[in-house]
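Biologist: I would like to learn how to read a model like this one, feature by feature. Please give me the general idea each time, and then the case at hand.

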Amino acid sequence: MKCFLSFLAFLIVYFSAIAETLEYGFVKEYRGKEAKTPLAGVELMIKGAPSTISDTKGSFILKFATLAAGEKVNYTEIYKEGFVIFNKQA
């Protein structure tokens, strides 16, 4: 019985872990027509994911526990002191 309960607990943890959705992105500094450079230290607070900060290459990973791939993502705040953050395509 103990073996069965241990196995059941393992399955629950396993399927919970694989249910996590990872979304990769990057932040770049917009300089008009000049080349865009990676922007480190941008804090992203997105609904459904823990807060994350872009690395030295401007890359970040959002880890969603309940959001499925392709679902709309709503941000709470994207912040870096001294910068205005925007989405050029939007």
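**Reading the strands, the core and the surface**

Modeller: Start with one residue: Y24 lies in strand 1, residues 21–26. Helices (H or I, at least four residues) and strands (E, at least two) are DSSP runs, numbered from the N terminus. This is a predicted model, in which local features need pLDDT of at least 70 and side-chain atom pairs count only at pLDDT 80 or more, while totals for chains, interfaces and linings use all residues. Residues are numbered from 1 along each chain as its sequence is written, and side-chain values use heavy atoms, with hydrogens and water left out.

Biologist: Is Y24 buried or exposed?

Modeller: Buried means under 20% relative accessible area, exposed means over 50%, and partly exposed is in between (1.4 Å probe, protein chains only). Y24 has a relative accessible area of 60%, so Y24 is exposed. Y24 also belongs to a nonpolar surface patch with L22 and I61, and together they have about 300 Å² of accessible area. Such areas come from the Shrake-Rupley method with a 1.4 Å probe, where for residues only the protein chains shown count as cover. A patch takes residues with over 30% relative accessible area and no salt bridge, joining like charges within 9 Å and nonpolar side chains (Val, Leu, Ile, Met, Phe, Trp, Tyr) within 5 Å. A salt bridge is a side-chain nitrogen of Lys or Arg within 4 Å of a carboxyl oxygen of Asp or Glu.

Biologist: How many helices and strands does the protein chain have?

Modeller: The count is 1 helix and 7 strands, and along the sequence the pattern reads α-β-β-β-β-β-β-β. Of the 90 residues in the chain, 18% are buried.

Biologist: Which residues form the largest nonpolar core?

Modeller: In soluble globular proteins, nonpolar side chains tend to be buried together. A nonpolar core here is a set of buried Ala, Val, Leu, Ile, Met, Phe, Trp, Tyr and Cys residues joined through side-chain atoms within 4.5 Å. The largest one has 10 residues: V27, L39, V42, L44, I46, A49, F60, L62, F64 and L67. Strand 4 (43–46) and strand 6 (59–64) each supply at least two of these core residues, and strand 6 gives the largest share, 3 residues.

Biologist: Which residues of strand 6 point to the buried face?

Modeller: In a regular strand the side chains alternate between the two faces of the sheet. Along strand 6, F60, L62 and F64 point to one face and are buried, whereas S59, I61 and K63 point to the other and are not. Strand 4 alternates too: L44 and I46 are buried on one face, and E43 and M45, on the other, are not. Contact means heavy atoms within 4.5 Å. Beyond four places in sequence, L62 touches T21, L22, E23, I46, A49 and T52.

Biologist: What is the strand order in the open sheet of 3 strands?

Modeller: Strands of a sheet pair through backbone hydrogen bonds, either parallel or antiparallel. Two strands pair if DSSP finds at least two bridges between them. The order here is 5-4-7, with antiparallel pairing. Strand 5 (52–53) and strand 7 (75–79) are the edges, each with a single partner strand, so each has one side without a neighbour in the sheet. Strand 4 pairs with strand 7 over 4 bridges and with strand 5 over 2 bridges. L44 has I78 as its bridge partner in strand 7 and T52 in strand 5. E43 stands opposite Y79 of strand 7. In the hairpin of strands 4 and 5, with 5 residues between the strands, G48 takes a positive phi near 90°.

Biologist: How many bridges join strand 1 to strand 6?

Modeller: There are 6, and the two strands run antiparallel. One of the residues involved is G25, whose bridge partner in strand 6 is F60.

Biologist: Which residues is K28 in contact with?

Modeller: K28 sits in strand 2, residues 28–29, and is partly exposed at 46% relative accessible area. Apart from neighbours within four places in sequence, K28 contacts K36, T37, P38 and L39.
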